[in-house]
Amino acid sequence: MTRLICAFALLCVFCGTVISAAPEPTVVQHVKKPTTKKPPAKSAPKAHKGITAEEEAKILAFTKENLPTMHTRLVDTKTKSTKRYQSLLRTASTHVKALMKMPKPLRAANIALAQSKIQLYELFQSYLKAGKDQEAKDALKPQIRAEIAKQFDAKMAIRVHKLNQVEEQLRQLQADVNRA
């Protein structure tokens, strides 16, 4: 029963707590127009599928500075499995590019949230490994609560930033209406 609860908690942490009950999408068939293919333009040398050596270096530098757990995982995987490394690098690339575009306060909150999720996952793994050892489980509970509190704080910082953006848009719209 405890494993089921922990598994559900992990699912909620990684997938979000909102379960969508949207209707099934309708199927739409698109007809592709014939196109003439142009030869691809030569670009910088590729380190891995779709990622240049320069982009790889930027991703590794960013993760080393801001996401040390992810960086360690990338470096360890690079020596073990090229295929797995390519997959992780593409995933990391998507996240890092999104983080780099964010304003610093929002970036910091998102980084804190990501690190907290990783830490919480590790704590839940420890909780599951504790099995029937109630003392070990009791020792982990305050740490789990602290990580959940960190996630809450990070999510609130993200929401405050989004709220400020919406308020600014509202002010701009109000100014446009007043001018008209």
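This is a walk through a predicted model, from its overall make-up to its helices and its largest pocket.

Start with the whole chain. Its secondary structure comes to six helices and two strands. Read from the N terminus, the elements run α-β-β-α-α-α-α-α. The chain has 180 residues, and buried ones make up 26% of them.

Helix H2 is a good place to begin. H2 spans residues 53-66. Its 14 residues reach 20 Å from the first C-alpha to the last, close to the 20 Å expected at 1.5 Å a residue. Which residues of H2 are buried? They are Glu56, Ile59, Leu60, Phe62, Thr63 and Asn66. Seen down the axis of H2, these buried residues fall within an arc of 165°, so they line one face of the helix. The face turned away from that buried side carries exposed residues: Glu54, Lys64 and Glu65.

Look again at Thr63. This H2 residue has a relative accessible area of 0%. The cut-off for a buried residue is under 20%, so Thr63 counts as buried. The side chain of Thr63 also has a partner. A polar contact of 3.2 Å joins it to the side chain of His71.

Next comes helix H3, residues 68-80. Thr72 lies in H3. Is Thr72 buried or partly exposed? Thr72 has a relative accessibility of 43%, so it counts as partly exposed. The C-alpha atoms of Thr72 and Leu60 are separated by 9.5 Å. Along the chain, these two residues are twelve apart. Leu60, for its part, is one of the buried residues of H2.

Helix H4 follows, covering residues 82-101. H4 has 20 residues. From its first C-alpha to its last it reaches 28 Å, close to the 28 Å expected at 1.5 Å a residue. Its buried residues are Tyr85, Gln86, Leu88, Leu89, Ala92, Ser93, Val96 and Leu99. They cover an arc of only 165° around the axis, which puts them on the same side of H4. On the other side of H4, the exposed residues are Lys83, Thr94 and Lys101.

Arg84 also sits in H4. With a relative accessibility of 40%, Arg84 counts as partly exposed. How far is the C-alpha of Arg84 from that of Leu74? The separation is 9.3 Å, for two residues that are ten apart along the chain.

Helix H5 takes in residues 104-129. It has 26 residues and reaches 37 Å from its first C-alpha to its last. That is close to the 38 Å expected at 1.5 Å a residue. The buried residues in H5 include Leu106, Ala109, Ile111, Leu113, Leu120, Leu123, Phe124 and Leu128. Arg107, Asn110, Ser116 and Tyr127 are buried in H5 as well. After H5 comes Gly131, with a positive phi near 60°.

Helix H6 spans residues 134-179. Gln143 lies in H6. The relative accessible area of Gln143 is 41%, so this residue is partly exposed. Gln143 and Gln119 are 24 residues apart in sequence. In space, they are 9.5 Å apart, C-alpha to C-alpha.

Now turn to the largest pocket. About 790 Å³ of space lies in it. How many residues line the largest pocket? The lining has 23 residues. Nearest the pocket's centre lie Met70, Arg73, His95, Ala114 and Ile118.

Which helices supply the lining of the largest pocket? H3, H4 and H5 each supply at least two residues. H5 gives the most to the lining, with nine residues. By class, the lining has 15 nonpolar, five polar and three charged residues.

Put the pieces together. H2 has its buried residues along one face. H4 likewise has its buried residues on the same side. H4 also joins H3 and H5 in lining the largest pocket.

Terms used: Residues are numbered from 1 along each chain as its sequence is written. This is a predicted model: local features need pLDDT of at least 70, side-chain atom pairs count only at pLDDT 80 or more; totals for chains, interfaces and linings use all residues. Side-chain values use heavy atoms; hydrogens and water are left out. Helices (H or I, at least four residues) and strands (E, at least two) are DSSP runs, numbered from the N terminus. Buried means under 20% relative accessible area, exposed over 50%, partly exposed in between (1.4 Å probe, protein chains only). The expected span of a helix is 1.5 Å times one less than its number of residues. The arc is that of the directions from the helix axis to the C-beta atoms. On a 1 Å grid over the protein atoms alone, a cavity is a set of points where a 1.4 Å probe fits but cannot get out, and a pocket is an open set with protein on both sides within 12 Å along at least five of seven lines; lining residues have an atom within 4 Å of a point. Grid points are joined across faces, edges and corners, and a volume is the space filled by probe spheres set on the points. Ala, Val, Leu, Ile, Met, Phe, Trp, Tyr, Cys and Pro count as nonpolar, Asp, Glu, Lys and Arg as charged, and the others, Gly among them, as polar. A polar contact is a pair of N or O atoms within 3.5 Å; within protein, one must be able to donate a hydrogen and the other to accept it, and residues adjacent in sequence count only if both atoms are side-chain atoms.
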